Amino acid sequence: MASHYHIVGIGNAIMDVIAPVDDEFLADHHMTKGIMSLIDQDRALSLDTAFREAGQVQTIAGGSAANTMVGLAAMGLKAAYIGKVGKDRTGQALSDGFTQAGLDFATRPTETGTASARSMIAVTPDGERTMNTFLGASIEFEKADVQDAMIRAADLLYLEGYLFDADPAKAAFVHAAEVARASGGQVAVTLSDPFCVERHRESFRHLVDHQTDIVFANQDELMTLTSSTDLDEAMDDIARDDLILCVTCGSKGSVICEGRTRHQIPVVWADTLVDTTGAGDQYAAGVLGGRALGMSWADAGFLGSIAAAEVIGHYGARPEMPVHDFALSL
């Protein structure tokens, strides 16, 4: 274990199974385009077979926070990841995949026999992703899985909102945030999904208002959190002098609220849109990486736009090219 980390992430450890498909495939397998649906183990295994029969399949150790940590490692920063896996081949593949990507990963596997998580990601020719996710062992994450020493060694703790659905994970989040702040570190949270925010709005709001220094959200997630129908009102509602709010707005770019000051961040267009999987994750990596390298919030936001543009130009949620090399290619 390293003596110092720039960032440690906590989230769902999920094996991404990615396949290019057509719209007919989605209809045949009752998948709603552009939506992330939670599925059981039988459905996951059935879709796994269908994906492999449909054509070329990629398997990548992932999960939202894990993808962000991999992006940071690709920028040369020291990052670690904490997430729950099963005692199975997929769990070992997840552990190996994170380690090979440059992360420190040492979470103990579950003893319950639950299979490791996997996300079946169908990518249509327009670049839209449709996800069917079996959360498996990842949702058994609890306070005992939080590695306090690793968090104390980090400048910043990054928490993934997707993990917030189970009460033991909520308790783990609060504990991890308390450890980070007690040791002088900052806490960042990504809201992850508007439906997740809606289910746990009160708990999310408490976490954001009292234990968080940096928030990542898309405009729908932020408006759900604040029960607002207007983005400007939502940003005003949540703003405070000691909070950084990073809001992605699709093709309109993003907004970074530094206290009460707003920075409009332009979108960076990729030459080819292949797969939107991981765009938000790599945006967060670019922003946090930029800050770790000493950039202003505005410049770090633009680096986030560049990182997002790189990842949507190919399949998968990890960068294939160092972000500075990609920036030079634009």
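This is a dialogue about reading helices, their packing and a few single residues in a predicted model.

Trainee: Where should I begin with a helix, and what span is expected for the 15 residues of helix H12?

Mentor: Begin with the ends, comparing the distance between the first and last C-alpha with the expected rise along the helix. Helix H12 covers residues 297-311 and reaches 21 Å from its first C-alpha to its last, close to the 21 Å expected at 1.5 Å a residue. Helix H11 can be read likewise: its 14 residues should span 20 Å, and its end C-alpha atoms are 20 Å apart, which agrees. For helix H2, residues 41-54, the 14 residues should also span 20 Å, and the end C-alpha atoms are indeed 20 Å apart.

Trainee: How many residues of H12 are buried, and what covers them?

Mentor: The general idea is to count the buried residues and then look for the elements that touch them. In H12, 12 of the 15 residues are buried, so that the helix is mostly covered; among them are Trp 297, Leu 303, Ile 306, Glu 310 and Val 311. The covering elements include the strands E11 (214-218), E12 (244-248), E13 (254-258) and E14 (261-265), together with the helices H11 (279-292) and H13 (323-329).

Trainee: Is Phe 302, which is found in H12, buried or partly exposed?

Mentor: Phe 302 has a relative accessible area of 37%, so it is partly exposed. Leaving aside neighbours within four places in sequence, Phe 302 is in contact with Ile 265, Pro 266 and Val 268.

Trainee: How many residues of H11 are buried, and which are they?

Mentor: H11 is largely enclosed by the rest of the structure, because 11 of its 14 residues are buried. The buried residues include Ala 279, Asp 281, Gln 282, Tyr 283 and Leu 288. After H11 comes Gly 294, whose phi is positive, near 95°.

Trainee: Which residues of H2 are buried, and what do they pack against?

Mentor: A helical repeat helps here, since an α-helix has 3.6 residues a turn, so residues three or four places apart point the same way. In H2 the buried residues are Ala 44, Leu 47, Asp 48, Ala 50 and Phe 51. These buried residues pack against strand E2 (14-20), helix H1, strand E7 (117-123) and strand E8 (129-134).

Trainee: What does Phe 25 of helix H1 touch?

Mentor: To read a single residue, take its exposure together with its contacts from elsewhere in the sequence. Phe 25 counts as buried, because its relative accessibility is 10%, and it touches Met 31, Ala 50, Phe 51 and Ala 54, not counting residues up to four places away in sequence. Phe 25 and Ala 50 are 25 residues apart in sequence and 9.2 Å apart in space, C-alpha to C-alpha.

Trainee: At what angle do the axes of H6 and H8 cross, and which residues make the contact?

Mentor: For a pair of helices, take the approach of the axes, then their angle, then the residues that meet. The axes of H6 (residues 167-182) and H8 come within 12 Å and cross at roughly 5°, and the two helices are therefore roughly parallel to each other. The contact involves Lys 170, Phe 173, Val 174, Ala 177, Glu 178 and Arg 181 of H6, and Ser 203, Leu 207, His 210 and Gln 211 of H8. By class, this contact has 4 nonpolar, 3 polar and 3 charged residues. Gln 211 is itself buried, with a relative accessible area of 10%.

Trainee: How do the axes of H9 and H10 cross, and which residues meet?

Mentor: The axes of H9 (residues 219-226) and H10 (residues 231-238) come within 9 Å and cross at roughly 60°, which makes H9 oblique to H10. The crossing is left-handed. Gln 219, Leu 222, Met 223, Leu 225 and Thr 226 in H9 meet Leu 231, Ala 234, Met 235, Asp 237 and Ile 238 in H10. By class, the contact has 7 nonpolar, 2 polar and 1 charged residues.

Trainee: What is phi of Ser 227, and where does Ser 227 lie?

Mentor: When reading backbone angles, check the sign of phi and the kind of residue that carries it. Ser 227 lies in the loop between H9 and H10, and its phi is near 55°, a positive value in a residue other than glycine. At 57% relative accessibility, Ser 227 counts as exposed. His 30, found in the loop between H1 and strand E3 (36-38), has a positive phi of about 55° although it is not a glycine, and at 71% relative accessibility His 30 counts as exposed.

Key: Residues numbered from 1 in each chain as written. Predicted model: local features only at pLDDT ≥ 70, side-chain atom pairs only at ≥ 80, totals over all residues. Heavy atoms only, no water. Axes fitted to C-alpha atoms, helices over the stretch in contact; angles between N-to-C directions. Helix = DSSP H or I, 4+ residues; strand = E, 2+ residues; numbered from the N terminus. Parallel < 35°, antiparallel > 145°, perpendicular 65-115°, else oblique. Left-handed = near helix turned anticlockwise from the far one by under 90°. Contact = heavy atoms within 4.5 Å. Nonpolar A, V, L, I, M, F, W, Y, C, P; charged D, E, K, R; others polar. Expected span 1.5 Å × (residues − 1). Buried < 20%, exposed > 50% of the residue type's maximum accessible area, 1.4 Å probe, protein only.
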